[in-house]
Amino acid sequence: MKRLLPLYINRLSPCYSRDHLGNHGCYARNDIPRFLFLTKLGRFEEAFYVLKETNPFSSGCGRFCDHPCETACNRTKFGESVDIKALERFISDWGYSAGLSPKMLSPHNGKQVAVIGSGPGGLSAAYFLARCGYKVDVFEKHSKPGGLLTEGIPAYRYPREIFEKELEFIKKTGVNIHLNSLINKDSFRNLTSEYDAVIVATGAHKPGEINIQGETLPGVENGVEFLRKLNFGKEDELNIKEGERIGVIGGGYTAMDVVRCSVRLGAKAQMVYRRTAEEMTAHDGEVEETAREGVQFSFLRQPLRIEKNKDTFKLVTQVMKLGPVDESGRSKPVPVHGETEEFEFDRIVLAIGDKPDLFFVGESFTVDFPRMICPDLPEDIRDRIFITGDAAMGSTENTGMVVRVVGLAQDTAKSVRGFLGERFEEEKPRDIAYYRDLNTKYFQKEARLVEETLPFEEREGNFKEIVKTMDDDMAVLMAGRCFNCGICIQCDWCWYYSDGSIVKLNKNWKPDMDEFFYMFLDDDIKDATFKSVEACPRAALSIHAEGSRWDSLRKSQYIQSESLEGRNK
């Protein structure tokens, strides 16, 4: 009969894992419990490099991410979630201020990859490939790199100096960026011939349509183009007048940024949205904060048509109410029969979602993420095409936010590496440390951070960053709230309970996935040893049968008593 034996097997935490319940945690797969424990220890440099394994835009995501990791955090069932986003921001800013450079994983291997588009998807894919030894050239049609990061995200969320630091960090891996390089059908074919692989990462910038009368009238603008002009220093082209009434149709990130930018430029902005505030993708508290900045909201109003009246516009809307939950997981708005409402605006901005524009790849193509099938290309080069980010919209479920795009870029980069000859070890499936698996008697209820923000009166007429980064002492304190689910942090509870059957190794804590800090006495396994498994606060101990797939860990974690000469138990 096979022995049942305890082992130190790290589990995954819900905050960065995808599971069968639909939880996605961190789409960029940031190793959250480890970077937070290093932060708690004050080892900020190591925490920075843990983040940079998976996210070149960690400082940005620490500002504008919708942080699904915090929703998945086990502490939500024990009070309030950990301030993961704010701590990611702190560590990333600290690393840039310290002048840290990227760590390369491999020397140059002679392979070349072209990336079309310098948005978050293209730059992330380039970063992951360059660190692994590939020569990467990025081609950007605009005069500035960044795509969504610089065109669509205002400076009050993501200061340009922070983007420049993240861009410089990426470029230090050897990534070359070619600006003012519009790719057409001919140049696309040339790239495919010249490079070992090509990644399409052109985002989704083609204006979406709501298919109502009047949406193409002069003066009805696109939300992304509105933000692009503003963020590219072309504010004069917007020609916004003091007190101008701007109606913004939509309820996503772009719509929210347009209304908040508009009031900063002196306009009177109003958002018209067919659902309610609860169904918006805005961050917690953002609707209330935006209202305090002067924005008006008209919820449950579905646009029917736009009419031009001399110098103004009339927007006719259908009054809606919430019905059953639809496929998006939100309540579906349904019309209230016979009820409409009209609005009058000086300008209308549509911010209802944009689409990819992949004209340059040929007349016919198929997206099978992360591959792109382009039958118009010669047969000998058509298998070199890959795609990532929002350009793959419709073929992935992770679109619309930078952290999701970073995760897609990881997948695409790995696929390119496999195509170009790399082989990868198959990862062993690991259990997830859910709340029910933890021993919460060791933890205390502690409040979240109350972030310091710019006073409302100081936001008028400027784009100063709203939220301030915490200081070092607060970061250590807030990181200590993390349960560190699924990983051993040398808390010693197993050792206390083991009645001498577990040996402390007294070595410095390291964030490696299968690192262990104690050993079992093979000839002294007893009831107390199994009590140690129950005592573990973080579910970092498991019981497995001899001969399981974890046998390699058993061989390294078990020792005979006779081998302990000169060592204290």
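Biologist: I'm starting at Asp499, which lies in the loop between α16 (493-497) and β17 (502-504). What makes Asp499 count as exposed?

Modeller: Exposed means over 50% relative accessible area, buried means under 20%, and partly exposed is in between (1.4 Å probe, protein chains only). Asp499 has 54% relative accessibility, so Asp499 counts as exposed. Its phi is near 55°, a positive value in a residue other than glycine. Before we go on: this is a predicted model, where local features need pLDDT of at least 70 and side-chain atom pairs count only at pLDDT 80 or more, while totals for chains, interfaces and linings use all residues. Residues are numbered from 1 along each chain as its sequence is written, and side-chain values use heavy atoms, leaving out hydrogens and water.

Biologist: How do you know that Ala539 is buried?

Modeller: The relative accessible area of Ala539 is 5%, so by that cut-off Ala539 is buried. Ala539 sits in the loop between α17 (527-535) and β19 (541-545). Ala539 isn't a glycine either, yet has a positive phi of about 60°.

Biologist: And Phe139, what makes that one buried?

Modeller: A relative accessible area of 12%, so Phe139 is called buried. You'll find Phe139 in strand β3 (residues 135-139); strands (E, at least two residues) and helices (H or I, at least four) are DSSP runs, numbered from the N terminus.

Biologist: Which residues does Phe139 touch?

Modeller: Contact means heavy atoms within 4.5 Å. Not counting residues up to four places away in sequence, Phe139 touches several residues, including Ile116, His178, Leu191 and Tyr195. Phe139 and His178 are 39 residues apart in sequence, but 4.9 Å apart in space, C-alpha to C-alpha.

Biologist: Which residues have the most contacts inside the largest nonpolar core?

Modeller: Ile32, Phe35, Leu36 and Leu87, in a core of 97 residues. A nonpolar core is a set of buried Ala, Val, Leu, Ile, Met, Phe, Trp, Tyr and Cys residues joined through side-chain atoms within 4.5 Å. Helix α6 (residues 120-131) gives the most to this core, with seven residues.

Biologist: How do you know that the radius of gyration agrees with a compact globule?

Modeller: The radius is taken over C-alpha atoms, and the globule rule is 2.2 Å times the number of residues to the power 0.38. With 569 residues, that rule gives a value near 25 Å; the protein chain has 27 Å, so the two agree.
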